Amino acid sequence: LLGGRYQLGEVLGHGGMAEVYAGTDIRLGRPVAVKVLRADLARDNTFLMRFEREAQLLAALNHPNIASIYGLELSSPTRALVMELVEGEDLARRIARGALPVPEALTIARQIADALEHAHERRVIHRDLKPGNVKIRPDGSVTTWNSFRNLTRSSAGRPDVDHRSRIDSRSSTVARRHSRGTGSMVERVSRDAVLSTPRPDR
């Protein structure tokens, strides 16, 4: 029982810094997703600051297509982000079932772009935009989650701001063009953003 409050269940995913669990907030009786920082990294002040900064950035974002954060758990020695548990299939699994029809691809891409534009307006970027970090709810709405980072003037020269951040920026451009009514451009760029596999520059 994490922090005397969160009962952890199955592992939903894992990355270089953390593992994400399905869980239950036994105090409020609601499902949650709990992103637990790796034990070895929880002893590193640099990673601790980065993890806590991610929590602050998520708390600053309020958008229907971005997963909500409920809290930051600092129970020694565990560090964890407690977030909204988004029901539904991730985009990676949806794509694995077969190519997306263009109308469905556009609907998904526009929602992702709306979420990214909201973040970019607050100088926040998504560090790991990929199909596995996009959930499609049963009602068709889309939620992005995981790995948000503050955008500073020095970001462009840092090795951790790579091709994934550039893909993020391209998706935000989709939303801006859509808001200006250039529908044909939205369709071309959205289709590329959703159906293609982004690769880093060589």
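How many salt bridges does the count come to? Hello everyone, and thanks for coming. The count comes to 7 salt bridges, and I'll walk you through three of them after a look at some strands. Please keep in mind that this is a predicted model.

Let's begin with the strands. Strand β1 covers residues 6-14, and 6 bridges join this strand to β2. The two run antiparallel, and a hairpin of 3 residues connects them. If you'd like a landmark on your screen, find Gln7, which stands opposite Thr24 in β2.

Now stay with β2, residues 18-25, since this strand also has a partner on its other side of the sequence. Here 8 bridges join β2 to β3, residues 30-37, and again the pair runs antiparallel. Your landmark this time is Ala22, standing opposite Ala33 in β3. The hairpin of β2 and β3 has 4 residues between the strands, and there Gly29 takes a positive phi near 70°. And is β2 mostly covered or mostly open? Mostly covered: of its 8 residues, 6 are buried.

Right, on to the charges. As a reminder, side chains of opposite charge can pair when their charged atoms come close.

One such pair is Arg38 with Asp40, whose side chains meet in a salt bridge at 2.5 Å, N to O. Arg38 has 34% relative accessibility, so it counts as partly exposed. Asp40, at 37%, counts as partly exposed too.

Next, please scroll along to Glu84 and Arg137. Their side chains also form a salt bridge, with 2.5 Å from N to O. This pair links distant parts of the chain: Glu84 sits in strand β5, residues 80-84, while Arg137 lies in the loop between β8 and β9, 53 residues apart. Glu84 has a relative accessible area of 16%, and because the cut-off for buried is under 20%, Glu84 counts as buried. Arg137, with 22%, is partly exposed.

My last pair is Glu104 and Arg94, where the closest N and O atoms of the salt bridge are 3.1 Å apart. Which elements does this bridge link? Glu104 belongs to helix α3, residues 102-121, and Arg94 to helix α2, residues 91-96, with the two residues 10 apart. Glu104 is partly exposed at 27% relative accessibility, whereas Arg94 is buried, with a relative accessible area of 11%.

That's my tour. Thanks for listening, and I'm happy to go back to any of these residues with you.

Key
Residues are numbered from 1 along each chain as its sequence is written. This is a predicted model: local features need pLDDT of at least 70, side-chain atom pairs count only at pLDDT 80 or more; totals for chains, interfaces and linings use all residues. Side-chain values use heavy atoms; hydrogens and water are left out. Buried means under 20% relative accessible area, exposed over 50%, partly exposed in between (1.4 Å probe, protein chains only). Two strands pair if DSSP finds at least two bridges between them. A salt bridge is a side-chain nitrogen of Lys or Arg within 4 Å of a carboxyl oxygen of Asp or Glu.
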